[in-house]
Number of protein chains: 2
Amino acid sequence: MRGKRRYDLIIEGGILLSMVEDQEPIRDARVLISGDTIKEVGNRHTGRRPEAKETINAEGTIIVPGLINSHAHSPMTIFRGLADDLPLKRWLFDHIFPAETKYMQPDTVYWASLLACAEMIASGTTTVVDGYFLANEVVKAVHTAGMRALVAQGVIDFPAPGVPDPTKNIDVALGFIERWKGFSDLITPGLFCHSPLTCSEETLRNSWKISQRFGVPLQIHLSETKEEVMEIAQRTGSRPAFYLDDLGILQSGLIAAHAIHLNREEIGLVAERGVKVAHCPESSMKLATGIAAVDIMLKKGITVGLGTDGCASNNNLDLLAEMDAAAKLGKYANLDPTALDAHTVLVMATRGGAELMGIEDAVGTIEVGKKADIVIVDAGAPHMIPLYHPFSQIVYSATGGDVRDVIVNGTILYRDRQFTALDVDAVKGQVRRIARMIRPD
Amino acid sequence: MRGKRRYDLIIEGGILLSMVEDQEPIRDARVLISGDTIKEVGNRHTGRRPEAKETINAEGTIIVPGLINSHAHSPMTIFRGLADDLPLKRWLFDHIFPAETKYMQPDTVYWASLLACAEMIASGTTTVVDGYFLANEVVKAVHTAGMRALVAQGVIDFPAPGVPDPTKNIDVALGFIERWKGFSDLITPGLFCHSPLTCSEETLRNSWKISQRFGVPLQIHLSETKEEVMEIAQRTGSRPAFYLDDLGILQSGLIAAHAIHLNREEIGLVAERGVKVAHCPESSMKLATGIAAVDIMLKKGITVGLGTDGCASNNNLDLLAEMDAAAKLGKYANLDPTALDAHTVLVMATRGGAELMGIEDAVGTIEVGKKADIVIVDAGAPHMIPLYHPFSQIVYSATGGDVRDVIVNGTILYRDRQFTALDVDAVKGQVRRIARMIRPD
């Protein structure tokens, strides 16, 4: 009495880049989805055409796994373009920190994060690794938007938004994880230590302990600037990676953002310990902090994800543009046009991000049994023609504006360049209201 | 008996960046256009609202001068993504040169150039400095598209598309200029010497003579790679800029593309001679050729325009993305986040390009008496919000996909993201037809 299997969603047509290792692009693809899960991936002309409640015609598109932004500070969209082209310290101390102190209220964090989610979804990002203060509001925004995320509460031994008394930072962090653990299948709460320079040994150790207790990754900014490396070396007698290793937290649950000024020994140690790295090429160019040796890290077997960093240092959250920058900068930095090829950077932005988060069994590729996080990129604009190699096209030709449809966990969030549920005009209006307080016209 | 003045086109609303030196952004702007010319630029609430045949509502947008692509090889869109991530010599000799020999027929050049025009218009470029072979077809394509251009016929002492016998290269070049000189107000024919390495002294001198006779700029690839610099030094005893100076062609009519490996003396000489430089940051990153010292050049008073280079080494013609790359790479290369600020790179992509071409009296800014080459950038997408500083937003947040309307010489070529006259589907179809010959699916 078994009837014909009825799926919830069929995607058919287009060239599918599953990002499963060694798998070739699938032309005239078909993806079958039931609930939140991918049930079949193949060619559309295989077997009888199954029925589904909904069908997405993907002819003329390239289908990729949902992109994963491995390092972001979503609420910082509120500072987009507020203070550019400034020396790093003036940027931070005269502009970003004062603005954070004054304007980063829960209301700001919520709406700015929701704007970030809208921007990420519209440019093909389905998952974000976020770290900021007042992270309760980030969770609410990510949940409203329907994205997948590791949302981390910031930990720093200075007064911070929502944590005016730094002696309470660990309590707040613990409360955050306890509040959101188990709240949603899509959202993992975590902690984000600002840096080995701004967090004490005790703070770092306690943050690690809590992360381990709840089985969640710990994020940290590692060796973003040379100055920071020197200060830590002077204070502790060790370079940052060795210092963290001495504290016992240089382990596989650690996500190190930037990781620019690591020497060879530190890269070797990071590889040995299984630490994951979030590479943020556009931010590091814009702030002139340096360039992470990503090619060497990959050769050493380090898992590397791709991140945009916060909007104030980028100034967008467009991972398609970030892939282009990663590939090109990698070539320039190595004086080698074969370095960081298109396939490698697309791995970073998909499978790499999933491995960095430790959710590679759930997402990062388009294959049977995984959650349906899928992005459909329109390949019809003049800049996408002709199409010889889909990896090249995605990395070097496309930008976020080419994204047409976005599916997270089987739910269509964005279709034909429109949000299916999110009231994006309301979000823009709220962000503009807050921005007018920060800088009246 | 003078009646109320009737204009052809009013643009009203939006923030206008005129790019006139020292002029602040104009909010609630109004631009009045008659025929091909800008008649008034100001605030929309000034005086009585004039009448016009057509009105563009630019509320919620940023209005900039039409962008100028200072170095492109338009026909190379046909090779977009054909051979990426390869060593430079293998890329050129195993892929690009053979494909050029085999497939660069007039038909290919025409349709691939028209695709390039469509791409450029849709991403806000109104003027292109182009250099390639079979340039008759490039002129036809640019003319069909309605763009402004310096279209140059390539000159090289090797067999080239349309010029199988290199001893005829100067005759062909001369014929090209004679054919198109005076053909259109929008199109200037010119010559493009491939490089000091691939053109003999005689070829260089003759190309310069013809350019001078017709009063048009001469383009050349200058010091793109280190190897090239060494070869020229070995052959001539001089570094390339000094060699060209010895030949008498390092003068203000020369446009030097790339100009990456110039030493300090050469930069000084280029400045002294009034040579213009076309900076192509994305191409130089992708090919790992090096980075031009643009900040030093600007300080020395050299006119620098911004170019995408050909599609095969970019892989798009999006000047908004190129500005972002130029600004960020400039910061990284100088280890200084204040280097190449947003305003500076927008000058390069507008006024700089106009000065490079020698048409700064006609275009490059939005001001009374200039030709109406104007681009209207939608500032409404999530990644464009909030809006504190329009220069930052254009350079760091926008991409070509945000361009909404494009006007060249008073004619609307692109409106609400649609081409007003160009049959872009036909162009795509023709390019796909040719691409299938180059690489069958």
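Hi everyone, let's start where the two chains meet: the contact takes 53 residues from chain B and 53 residues from chain A, where two residues are in contact if their C-beta atoms, placed from the backbone, lie within 7 Å. Before going on, this is a predicted model, in which local features need pLDDT of at least 70, side-chain atom pairs count only at pLDDT 80 or more, and totals for chains, interfaces and linings use all residues. Residues are numbered from 1 along each chain as its sequence is written, with chains lettered from A and ligands numbered from 1 in the order in which they are written.

Which elements of chain B each supply at least two residues of the side that touches chain A? They are α2 (106-122), α9 (281-286), α11 (319-334), α13 (390-397) and α14 (424-438) of chain B. Helices here are DSSP runs (H or I, at least four residues) and strands likewise (E, at least two), numbered from the N terminus. The largest share, six residues, comes from α11(B).

Now, inside chain A. The domain assignment gives domain 1 (6-65 + 373-419) and domain 2 (67-357); such bounds come from an automatic or database domain assignment. Their C-alpha centres lie 29 Å apart, and 22 residues of domain 1 of chain A are in contact with 25 residues of domain 2 of chain A. On the domain 1 side of that contact, the elements giving two or more residues are β6 (61-65), β15 (374-378), α13 (390-397), β16 (403-408) and β17 (411-415) of chain A. Here α13(A) gives the largest share, five residues. Thanks, folks!
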